[in-house]
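Reader: I should like to learn how to read a model of two chains, beginning with the fold and ending with single residues. Would you kindly take me through one?

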Number of protein chains: 2
Amino acid sequence: MEEPTQQPVEATPAPAPMHERTGADRNTIYIGKKNAMAYVLATVTQFNTGAAEVKLKARGHAISRAVDTEEIVKNRFFPGLKIKQIILATEEVTSEDGRPSKVSSIEITIAK
Amino acid sequence: MEEPTQQPVEATPAPAPMHERTGADRNTIYIGKKNAMAYVLATVTQFNTGAAEVKLKARGHAISRAVDTEEIVKNRFFPGLKIKQIILATEEVTSEDGRPSKVSSIEITIAK
């Protein structure tokens, strides 16, 4: 019989990942380039598995998708959704050519 | 959003436009597809001509540009800028093919 190339399912717990998620991180959803519905699903899942608050974080062009996510979660899933806090900021990032550049960011804290 | 056709410079006071700007409207800047610096300049001009507050309004993809505008105004022009209110909402718009669709919006109220 040939060796299966697929890794066996681990029976033991995985080792802690390098960037272990803290309590705050666990309820943070980083909004990227996927369709807003992907982040809506992630947010609804967080609430339905016990999170009291969820933070939606986005930078640059993804900022509008973070707002879309919050609005869809409110309008379709949790009509009583409360926006607890919105933080606007500027972050330093390193662009592809290695030069530093600045990008706006948003952090929307919501509670159902 | 349609670009307004440029009006000639008028020597006499203009008649009241069909959509006369109310006190609230006067300090509202609608963020569209121009470079963020165009809206930064408009905002700084509003403050420098006596406005106590300026509202930055944007829909859809322009939302991230509204945040850029606020951040650039704060970081380069008015370090003490205060964000008084941020409203996130959903607006009904009619798309080019005549069908209704929904778009997220932001309204950022700032004071220097």
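Author: The dialogue below treats the chain, the relation between the copies, the helix packing and two single residues in turn. Please note at the outset that this is a predicted model.

Reader: Let us begin with one chain. How many helices and strands are there in chain A, and which pattern does chain A follow along the sequence?

Author: One lists the elements and then reads their order. Chain A holds 3 helices and 4 strands. Along the sequence they follow the pattern α-β-α-β-α-β-β.

Reader: What share of the residues of chain A counts as buried?

Author: Burial is judged by counting neighbours around each residue. Chain A has 112 residues, and 27% of them count as buried.

Reader: How are the contacts in chain A spread along the sequence?

Author: For this, one takes contacts between residues at least 6 apart in sequence and asks what share of them joins residues at least 24 apart. In chain A that share is 69%.

Reader: Now the pair of chains. By what turn and shift can chain B be laid on chain A?

Author: One superposes the copies and reads the turn, the shift along the axis and the RMSD. Here a turn of 180° with a shift of 0.0 Å along the axis lays chain B on chain A, at an RMSD of 0.0 Å. The two chains are therefore related by a two-fold axis.

Reader: Which C-alpha of chain B is nearest the axis?

Author: That of B:Ser64, which is 2.8 Å from the axis. The same surface serves both copies, in that 100% of the contact residues of chain B recur in chain A.

Reader: How many residues of chain B are in contact with chain A, and which elements of chain B give two or more of them?

Author: An interface is read first by its count, then by its elements and then by its chemistry. In this model 15 residues of chain B are in contact with 15 residues of chain A. On the side of chain B, two or more residues each come from H3, strand S3 (82-94) and strand S4 (100-111). H3(B) gives the most, with 7 residues. By class, that side has 6 nonpolar, 6 polar and 3 charged residues.

Reader: At what angle do the H3 helices of chain A and chain B pack?

Author: For a helix pair one reads the angle, the separation of the axes and the handedness of the crossing. Helix H3 of chain A and helix H3 of chain B, each spanning residues 63-77, pack at about 120° with their axes 7 Å apart. H3(A) is therefore oblique to H3(B). Their crossing is right-handed. The residues that make the contact are A:Ile63, A:Ser64 and A:Val67 on H3(A), together with B:Ile63, B:Ser64 and B:Val67 on H3(B). They comprise 4 nonpolar and 2 polar residues, with no charged ones.

Reader: Within chain A, how do H2(A) and H3(A) pack?

Author: The reading proceeds by the steps just described. H2(A) and H3(A) pack at about 55°, and their axes are 9 Å apart. This makes H2(A) oblique to H3(A). The crossing is right-handed. From H2(A), the residues A:Ala36, A:Tyr39, A:Val40, A:Thr43 and A:Val44 meet A:Arg65, A:Asp68, A:Thr69, A:Ile72, A:Val73 and A:Phe77 in H3(A). That contact has 7 nonpolar, 2 polar and 2 charged residues.

Reader: At what angle do H2 and H3 of chain B pack?

Author: H2(B), residues 36-48, and H3(B) pack at about 55°, with their axes 9 Å apart. H2(B) is accordingly oblique to H3(B), and the crossing is right-handed.

Reader: Finally, single residues. Is A:Met37 buried or exposed?

Author: One counts the other C-beta atoms within 10 Å, and a residue with 12 or fewer is exposed. A:Met37 lies in helix H2 of chain A. It is exposed, because 12 other C-beta atoms lie within 10 Å. A:Met37 and A:Asp68 are 31 residues apart in sequence and 9.0 Å apart in space, C-alpha to C-alpha.

Reader: Why does A:Ala42 count as partly exposed?

Author: A:Ala42 is found in helix H2 of chain A, which covers residues 36-48. It counts as partly exposed because it has 17 C-beta neighbours inside 10 Å. From A:Ala42 to A:Val67 the separation is 25 residues in sequence and 15 Å in space, C-alpha to C-alpha.

Notes. Residues are numbered from 1 along each chain as its sequence is written. Chains are lettered from A and ligands numbered from 1 in the order in which they are written. This is a predicted model: local features need pLDDT of at least 70, side-chain atom pairs count only at pLDDT 80 or more; totals for chains, interfaces and linings use all residues. Copies are superposed by least squares on the C-alpha atoms of residues with pLDDT of at least 70 in both. Two residues are in contact if their C-beta atoms, placed from the backbone, lie within 7 Å. Axes are lines fitted to C-alpha atoms, for helices over the stretch in contact, and angles run from 0 to 180 degrees between N-to-C directions. Angles under 35 degrees count as roughly parallel, over 145 as roughly antiparallel, 65 to 115 as roughly perpendicular and the rest as oblique. A crossing is left-handed if the near helix is turned anticlockwise from the far one by less than a right angle, and right-handed if clockwise. Ala, Val, Leu, Ile, Met, Phe, Trp, Tyr, Cys and Pro count as nonpolar, Asp, Glu, Lys and Arg as charged, and the others, Gly among them, as polar. A residue is buried if 20 or more other C-beta atoms lie within 10 Å of its own, exposed if 12 or fewer, and partly exposed in between; C-beta atoms are placed from the backbone.
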